[in-house]
Amino acid sequence: MARRELLICGEALLRKKAKPVRRIGPDVLALFDDMVETMIAEQGLGLAAPQIGESVQAIVVRTDSGEEGAEPLTYRLLNPRLVEASGEQEGLEGCLSLPTLRGCVVRAARVVVTGLTPEGKDLTLEAEDLLARALQHEIDHLRGILFTDRAEENSLVWMVPDEDEPQGFRYEPTTLREAQEAFDRLRARRGRGGR
Ligand code: NI
């Protein structure tokens, strides 16, 4: 298992349609292990394979098991399809490929998603609230869609560390253009070996 480097917004692969996985083998299991390790290390709620440079239809999401002190539940899904969506929820959303940016996105409140497990078995997931949001967000990634494409106008904010705030950060309004420029600079720094 290895933690992989995340692609940052502006990278062409993030905008590509990911290919369905037709053949299940050890490489798929290894890919999922890397995705889960990277998601947890980066403290994300979900991750799509294109975010670590693999243009295939694989996503991972995690959710509270609901039991106190228990490990979060992690779902691994190949070729996921949104087969039902109902209701509406509005909330701030973020993405590991757009670090520290948040925006208000309206999503379906409840979804049913079908796909395959890493072992090739059929899986149907019924989800609501945050897990439903995470599934919709990750499936979007497989079609080259980022949350900023769906965020409400004027809702984009940076999370800025701030010790004076009880939660340790404050929000600062930004624009899509400003955010894109910041991510371009981040990618350029990384390209020179920095992070
Ligand atoms: Ni994302």
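1. **Model and a first angle.** Angles between elements run from 0 to 180 degrees between N-to-C directions, with axes as lines fitted to C-alpha atoms. On that basis, helix H2 runs at about 65 degrees to strand S4 and lies across both S4 and S5. The model is predicted. The points below go through the two sheets, the metal site, the cysteines, the aromatic pairs and one loop proline.

2. **Four-stranded sheet.** Four strands make an open sheet, ordered S4-S5-S8-S9 and paired antiparallel. S4 and S9 (169-173) form its edges, and each pairs on one side only. The average turn between neighbouring strands is 30 degrees, direction ignored. Helix H4 (residues 176-191) packs on this sheet and touches S5, S8 and S9. Its direction makes about 55 degrees with that of S8.

3. **Bridges around S5.** Strands of a sheet pair through backbone hydrogen bonds, either parallel or antiparallel. S5 takes part in two antiparallel pairings in this sheet. With S4 (residues 89-93) there are five bridges, and with S8 (residues 157-161) there are two. To place the register, take glutamate 93, which stands opposite glycine 103 of S5. On the other pairing, arginine 102 has valine 157 of S8 as its bridge partner.

4. **Burial of S5.** How many of the seven residues of S5 are buried? Five are, so the strand (residues 101-107) is largely enclosed by the rest of the structure.

5. **Five-stranded sheet.** The second sheet is open too, with five strands in the order S1-S2-S3-S6-S7 and antiparallel pairing. S1 (46-48) and S7 are the edge strands; each has a single partner, so one side of each lacks a neighbour in the sheet. The twist from one strand to the next averages 40 degrees. S1 and S2 (residues 58-63) run antiparallel and are joined by three bridges. One of the paired residues is leucine 47, whose bridge partner in S2 is valine 60.

6. **Helices on that sheet.** Helix H1 (residues 26-41) packs on the five-stranded sheet, touching S1, S2 and S3 (73-86). Its direction makes about 40 degrees with that of S2. H2 packs on the sheet as well, and its contacts are S1, S2, S3, S6 and S7. Here the angle to S2 is about 165 degrees. Recall that H2 also lies across S4 and S5 of the four-stranded sheet.

7. **Nickel site.** Which residues coordinate the nickel ion? The donors are Cys95 (SG), His137 (NE2) and His141 (NE2), at 2.1 to 2.2 Å. Their spacing in sequence is C-x41-H-x3-H. Cysteine 95 sits in the loop between S4 and S5, while histidine 137 belongs to H2 (residues 129-142), so this pair ties together parts that are 42 residues apart in sequence. Both cysteine 95 and histidine 137 are buried.

8. **Cysteines.** Cysteine 95 has 8% relative accessibility; the cut-off for buried is under 20%, so it counts as buried. Cysteine 104 is in no disulfide, and the nearest cysteine sulfur, that of cysteine 95, is 16 Å away. Cysteine 104 is buried too, with a relative accessible area of 15%. The search of the whole structure returns zero disulfides.

9. **Aromatic pairs.** The whole structure holds two aromatic pairs. Tryptophan 158 and phenylalanine 183 are edge-to-face, 5.6 Å centre to centre, with 70 degrees between the planes. This pair links S8 to H4, distant parts of the chain, across 25 residues. Tryptophan 158 and phenylalanine 183 are both buried. Phenylalanine 169 and tyrosine 171 make an edge-to-face pair at 5.3 Å centre to centre and 65 degrees between the planes. Tyrosine 171 is partly exposed, at 40% relative accessibility.

10. **Proline 118.** This residue lies in the loop between S6 (110-116) and S7 (122-128). Buried or exposed? At 8% relative accessibility, proline 118 counts as buried. Leaving aside residues up to four places away in sequence, proline 118 touches Ile24, Val28, Leu29, Phe32, Arg76 and Leu78. Arginine 150 is 32 residues from proline 118 in sequence and 29 Å from it in space, C-alpha to C-alpha.

Terms used:
Residues numbered from 1 in each chain as written. Predicted model: local features only at pLDDT ≥ 70, side-chain atom pairs only at ≥ 80, totals over all residues. Heavy atoms only, no water. Buried < 20%, exposed > 50% of the residue type's maximum accessible area, 1.4 Å probe, protein only. Pairing = 2+ DSSP bridges. Contact = heavy atoms within 4.5 Å. Disulfide = S-S within 2.5 Å. Donors = N, O, S within 2.8 Å, 3.2 Å for Na, K, Ca; no water. Phe/Tyr/Trp six-rings, centres within 6.5 Å; stacked < 30°, edge-to-face > 60°.
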